[in-house]
Amino acid sequence: MKQSVLSLAPSVPLTQQRMPLYEALHTYSQSGVTPFDVPGHKMGATTNTLQQAFGDVLGLDVNSMKELDLLSHPQGVIAEAQSLAAEAFGADEAFFLVNGTTIGILAMIMATCAPGETLLVPRNGHKSVMDGIILSGARPIFIQPEVDVHFGIAHGVSVASVARAITTNPSAKVLLVTYPTYFGAMSELTEICELAHQHNITVIVDGAHGAHLGFMPNGKDALACGADAVTLSMHKTAGSLTQSSLLLLQTKRITKASVQKVLGMLQTTSASYLLMSSLDIARHELVCHGKERYAQLLPLIKQATKQIEAGGHYEVLKQAYVNERFAQHYDMTKLVVRVNSLGLTGFEVYTLLKEQYNIQMELAEGYVVMAVITPADTTRSLQRLVDALLAIEKDHAKGMTVLSLHVTPYEVNELVVCPREAYYASQETIVIDEAEGRISADTLMIYPPGIPLVIPGEKISRDVIAQYHYYNKTIGNVLMEAGSAHHITVIKEHA
Ligand SMILES: Cc1ncc(COP(=O)(O)O)c(C=O)c1O
């Protein structure tokens, strides 16, 4: 491996400059071992298509053994690398994950909620939150997020709505918070954690989009706010390989053993050393160079924001806006550009950027497109995005604004049975117009703002059906699970 050309901050401890897992893997790959273990490509021993495609990388794709430790029972270099990750993020414990934050969310919910126990969750949680509810048998109580009608997206939950949820559900065991949201909004997590802890409620955090937060100037990550556990998609914003995440604990409310046990159930017994060692490398990189890189990046984002807004049609989501209107903080590395004043939807601008300018955005919604900016971006890459957006503005501005969406939170429906019970119940798929009063086995999701209209176990009201038709007719943005159009899967009434 090449030596870094960057100088290290003097405060970086010597131990953090090491990468014990990666170093052991590198040594093993260079040792001239003759492998009679799996994986069957034997470190790329034969010249075949896989070897031609991936080359030397195959020498690092090996299986567990004494010198490389075992993820499900770490005692050697994996334990050492996890402990360095814990130190880097200010945690008591860190667990390497090889199936993304998805598995971390399942593990956090399953380690904290027994069947029937109450979990407070934002209604706009990631799919894995609902899957965790089904697997654990928890009883969800939903908290509506703050909806931003101007940008057409949902932000985080407010302190007041968390307080309301706690007051009306005093037996709640766990609160899950998304911090930051996909679009970068950050609830007042310190206040929320204090409030939850006063009521003996454990706070677990979906930090999929916030692995870098603690390394931003004035950044405050979920653990610094007092959360008991957080899962971070290191692969999304902190430079590790896709699928690699970190689950961090800082609490007496959740034991290390309970998390290790549930991860042992959920994760593979053949964890990828490429993924795990990329976590070791990314942690090293963040600690050694993260702060300096983010300090250099933020002025570039501010500059790009100014340029994007100069023509008058675009608006970029900013800290002051989010703070004034929603009393939340904002992570400006999520460049959310409101484009509907061009007379185009976010989906149309997303497609133009890809098809005409070969620019791949992270996502589009009705009113916005979003770019994720990381220290791998440069003045040049940002300028390409700015130039493309300005060219689209020049060619396409229609002097009108697309405003066909009613982006409002809906009433939460009556939960008749727990989502887990709905999942395992006998089901049938029926026309949605005939579903009033039936119990849903599906989730109907409205994008934007990414809030479900109904989830498994909830009663389908007349209102749900009316809203389904409204959204389907006006913008066609209803995500259905049943295979056929205008159908929904429900629990059979007389099984
Ligand atoms: C808010 C949120 N939580 C969790 C996840 C799951 O993360 P991962 O892809 O690391 O499994 C995602 C993925 O996009 C997400 O957007």
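**Figure 1. Contacts of I133 in the predicted model.** In this predicted model, I133 is in contact with I109, L119, V121, A138, P140, P419 and R420, once its neighbours within four places in sequence are left aside. The residue belongs to helix α5, and I133 counts as buried because its relative accessible area is 0%, where buried means under 20%. A pair that is not among these contacts is formed with L232, which stands 99 residues from I133 in sequence and 19 Å from I133 in space, C-alpha to C-alpha.

**Figure 2. Helix α5 and the elements that its buried residues pack against.** Helix α5 spans residues 127–136, and because seven of its 10 residues are buried, the helix is largely enclosed by the rest of the structure. The buried positions of α5 are S128, V129, M130, G132, I133, I134 and S136. These buried residues pack against α4, against the strands β2 (118–122), β3 (139–143) and β6 (174–178), and against α14 (419–424). After α5 comes G137, and the phi of G137 is positive, near 80°.

**Figure 3. The shell of residues around the ligand.** The ligand is surrounded by 13 residues, of which T102, D206, H209, S233 and H235 are the closest. Sorted by class, this shell holds three nonpolar, eight polar and two charged residues. Where are the polar contacts of the ligand placed, and which atoms take part in them? An oxygen atom of the ligand lies 2.8 Å from a polar backbone atom of T101, a nitrogen atom of the ligand lies 2.6 Å from an N or O atom in the side chain of D206, and an oxygen atom of the ligand lies 2.7 Å from an N or O atom in the side chain of H235. The ligand taken alone exposes 390 Å², and the protein buries 85% of that area. Two elements, α4 (100–112) and α8 (234–237), give two or more residues to the shell around the ligand, and α4 gives the most, with four residues.

**Figure 4. Two cis peptide bonds that precede proline.** The peptide bond that joins V38 and P39 is cis, with omega at about 5°, and P39 is placed in the loop between α1 (20–29) and α2 (49–54). A cis peptide bond also runs from Y179 to P180, where omega is near -5°, and P180 is found in the loop between β6 and β7 (185–186).

**Figure 5. Positive phi at D69 and N200, buried or exposed?** D69 has a phi near 70°, which is a positive value in a residue other than glycine, and D69 is placed in the loop between α2 and α3 (77–88). With a relative accessibility of 8%, D69 counts as buried. N200, which is not a glycine either, has a positive phi of about 60°, and N200 lies in the loop between α7 (189–198) and β8. With a relative accessibility of 59%, N200 counts as exposed.

**Figure 6. F326 and its surroundings in helix α11.** F326 is placed in helix α11, which covers residues 319–326, and at 11% relative accessibility F326 counts as buried. When neighbours within four places in sequence are left aside, F326 is in contact with E146, V147, D148, H155 and Y321. Along the chain F326 and S277 are 49 residues apart, and their C-alpha atoms are separated by 39 Å.

**Figure 7. N218 in the loop between β8 and β9, and its separation from K291.** N218 lies in the loop that runs between β8 (202–207) and β9 (229–232), and at 82% relative accessibility N218 counts as exposed. Although N218 and K291 are 73 residues apart in sequence, their C-alpha atoms are 10.0 Å apart in space.

**Figure 8. The assigned domains of the protein.** According to the domain assignment, the protein is divided into domain 1 (20–67), domain 2 (68–276), domain 3 (288–396) and domain 4 (419–491). For the pair formed by domain 1 and domain 4, the C-alpha centres lie 48 Å apart.

Conventions
Residues are numbered from 1 along each chain as its sequence is written. Side-chain values use heavy atoms; hydrogens and water are left out. A residue is near a molecule or strand if one of its heavy atoms lies within 4 Å of it. A polar contact is a pair of N or O atoms within 3.5 Å; within protein, one must be able to donate a hydrogen and the other to accept it, and residues adjacent in sequence count only if both atoms are side-chain atoms. Accessible areas come from the Shrake-Rupley method with a 1.4 Å probe; for residues, only the protein chains shown count as cover. Ala, Val, Leu, Ile, Met, Phe, Trp, Tyr, Cys and Pro count as nonpolar, Asp, Glu, Lys and Arg as charged, and the others, Gly among them, as polar. Buried means under 20% relative accessible area, exposed over 50%, partly exposed in between (1.4 Å probe, protein chains only). Contact means heavy atoms within 4.5 Å. Domain bounds come from an automatic or database domain assignment.
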